[in-house]
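Trainee: Before we start, I would like the reason behind each label you use. Please set the values against the definitions.

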Amino acid sequence: MTLWFIRGLRRGVVTTRYPARPDASAASLPTPPAFRPQGLTRQIADRLAAICPSGALRRDGSVLVYDVGRCTACGRCAAQAPDAVIRSGEFELATTDRSALIKNIPVREEAR
Amino acid sequence: MTPEDLRETIARQFGRSLHVRTLDTGSCAVCEQEIRLLAAPHYDLNRLGFFFTPAPRHADLLLVTGPMIRAFAVAARKSYDAMPGPKIVVATGACALGGVYPEDPFTHGAVDAVLPVDVWIPGCPPSPLALLHGLGVAVGRLADKVRDLPFTEANDPERSRGAS
Amino acid sequence: MTPLVFLYAAAACWLAAATAGLLTARTAAGLRACCALSAAGGVAAAAGGGWALFYGDTPVVSAGGASVVGATLQLQATGLAGAFTALLGVVAVAIALYAPRYHSPSRGTGLYLAAYNLALLACLAVLAAGGMVTFLIAWETMSLACYLLILRHPREVSAARGAFWFLVLSEAGFLLVVAAFVILSSKTGSTTLAGIASHASSVPGGWRAAAYLLALAGFGFKAGLVPLHVWLPEAHPVAPADGSAFLSGVVVKLGVYGIALFAFRLAPPTGSWPGLVTMFTGAVTAAIGILYAMAERDIKRFLAYSTIENIGIVVTAFGAAMIFHTSGQRALWTFLLIAGIYHVANHGCYKTLLFLEAGVTEHATGTRDMDRLGGLIHRLPRSAVIGFVGTLGIAALPPLNGFVSEWLIFQGLFQGFRTGSHLTGILIVLAAGILGLTGGLAIYAFVRGFGIPYLGMPRTRPAAEASERGQPVLGPGLLALACVALAVGAPVVLYALDKAARAVTGVTLGPLLLPGDLTVIPAHADFSAFSPTYLAAFLVCALAVPVLIYLAGRPRAGSVRVPVWDGGIVAFRPRMQYSAMTFSAPTRVTFDALYRPSVSVTRPSDDDPAGRSGPVHYEAQVTPVFQRYLYRPLVRCLEWLADLVRPIQSGDVNLYLLYVFAVILLAYLLGAV
């Protein structure tokens, strides 16, 4: 019992200070992606919508409707189109309004 | 009571002491593992005044995971009804928010088909940090910031490539 | 004018009621008339008993000229008997109010009521007996009348068996009581109780102890001390509800009265070991009684075992009183006598009430099995409330009367250190520990006894369709009021019992029991104190606080009615509830060595070659330890002896003539000597 106590004192406090101070482990968390509209053509948007297993992506005209809430951060869209999809690094995604999680990403018109 | 008054009341009543009852409506239990980690020393939700309770009668907040399978709908409704007001419902995880499982004969697909959800926490699974943030938003201690995040990076090439 | 006048009036009423029962109970009006007479007798007896408490001992009256077995009928109203007589009266009134709605008019009912009123009369005669012969004749009459009482339905095998157990054990007890009386009367040279009591100190210690032990065993058969209790669980379920109520409420109390009579008046022992024997017999009886009660599904058997438990408590108190007497603590001696009699009165009230309610339940649902009932609080609301008062009383929960009398007994036992000897003190506190275990188990048992039938959901259709229409309410209601009155009015009751005890022990406790301000103290001012009246008032007020908070806060917040939280189960079925046996399972597992259950489990997969599953059949039977290991060997022994003696009755006329010749020869020889 005493040994455990002394060992604990030497190791120090392991509890995170979050949310008062940022937590270092947050940098390596899997997070939903962000999109680069320059790399996002209609064709790419359709391909991304087809391979998303969770139904988070849907192309509606010239807008890619992206439901952040449905995303599972699986990485398939990033593997499919590395130019269009980047890591967002955002994990503080809680909201009181469901529609705040639905983002409309503009799709670039392809220059023909 | 206006929504602002409601938020203020909730912040005043629950801001420093909140009892959470978790509810699994058919998830794969990974969300439950992350929730369980909240009680562990590293994340320690008790230091923020949040506590887990098994009884809905003693709970202020219902933390729901899973796609709300139809077989569980009655039990979910009963759990919600058994909570005394004021009460908050938080849906967490991609399944609960409508992803992964569509609506079909076995599942509703999203928690808000059966229960009135107040706060949504995305993630698959949501990390304990995301859950802490979500609980903070639920009691009004932390700001709801996803509304202002565009999730587009038009001119920033220094961001690392890939989603994970 | 003495209290005996009231007792004569009661006797006359009951005699009239018995004849009315025989003649007229075939009609409803006749039934009501018989019960009215019975009730009148009860009122007279209660009045007489109550007065006798204050009056003290009346002189012995020889009722004119009735010469039986060479001795006249002798009557005396004593303070000690007065308490029991008052209880007899109250119980008689309650049962008389209950009987017209419980029984249907018929010839069988008429015979039953005649036997019942005769039993009442005999009980009164036992209590009012001033002489040994009167006592014994009245005792035997009471036993026989109770036998007829139990045998209301003679064609049922279980009824016959229950009544037979009662009769056999009553007769065995009677023999021992006769022996005890014969010893005392021959040593003191008097046949009146008062005479024996006044010459008690002249009886040598050994004979006194022998007489006392014979009386303890003899009256123990009637009171239900372990291992002489076996008739109680057999006879109570088969007798009609008011018969069981009478048995538990009055008849076993007469056994206690007999023990008290010998312990305090006729043969007070000189050493402390008879007191120790009594005390531990009582403690073990109490523990075993409640343990067996936990394993019963039949409501009446359950209540019968609970009676055994309460008798054990009273006898423990009397035993400790005897020990205090021999070590010179006269105040505690008197105090425990008072506490024991108070518990007798309390138990008479609430046990009678519970048996009457069991009868109502049986009539409303057709079953006595707890596991077939449930939710009766909705179907039989008034019975449920009355039954709840009785349950609170018997579980000894404040503020009711059971709590007060058990508190008094415990306080008396805790003062065991006041005896000079360390060993005796420790033994007394050990007995108190056993009673403590009993008290805890009693609460457990009665949560089960009230909760399973009355609360929850009905487990069978008869329970769901039970109706309170036409069920008796006045009789049990009167007893519920009596319970509350005995609790709140405890100072008054104790004052009266103090007066009565003075006639027995010569000690008046006065301020050592009731120092004023409605407080009660256990015979010593520096030990503890408590006020039953204030406690009852306080609890009622404390209950008012949440009600007031609710009423004050109600306009502010709206409220929603939702079903009870049941874990989210979609359809809650009655079979998901606790059953009586699962609720008591922890006790039965812990005390497995006492119950020695024989368990049989059959699974369909055991026989099926393919190992297919199906409903599992589980049966557990508590081994009747006393019947198997004590009574059956005794009976076999008697049968063996009878077999030995059988050759005498050979049927051969020549042998019989030889017997006649031998006896005449013997008579001549003896006459010549």
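Mentor: From the N terminus on, chain B runs α-β-α-β-β-α-β-β-α, which makes four helices and five strands. Helices (H or I, at least four residues) and strands (E, at least two) are DSSP runs, numbered from the N terminus. This is a predicted model, where local features need pLDDT of at least 70 and side-chain atom pairs count only at pLDDT 80 or more, while totals for chains, interfaces and linings use all residues. Residues are numbered from 1 along each chain as its sequence is written, and chains are lettered from A and ligands numbered from 1 in the order in which they are written.

Trainee: What makes chain B as compact as a globular protein of that length?

Mentor: The globule rule is 2.2 Å times the number of residues to the power 0.38, and the radius of gyration is taken over C-alpha atoms. For 164 residues the rule gives 15 Å; chain B has 16 Å, which is close, so the label holds.

Trainee: How do you know what share of chain B is buried?

Mentor: A residue is buried if 20 or more other C-beta atoms, placed from the backbone, lie within 10 Å of its own (exposed: 12 or fewer; partly exposed: in between). In chain B, 49% of the 164 residues count as buried.

Trainee: Why is α27(C) called hardly covered?

Mentor: Among its 20 residues, the count of buried ones is zero.

Trainee: What span should helix α27 of chain C have?

Mentor: The expected span is 1.5 Å times one less than the number of residues. For residues 653–672 of chain C that gives 28 Å; the end C-alpha atoms are 29 Å apart, which agrees.
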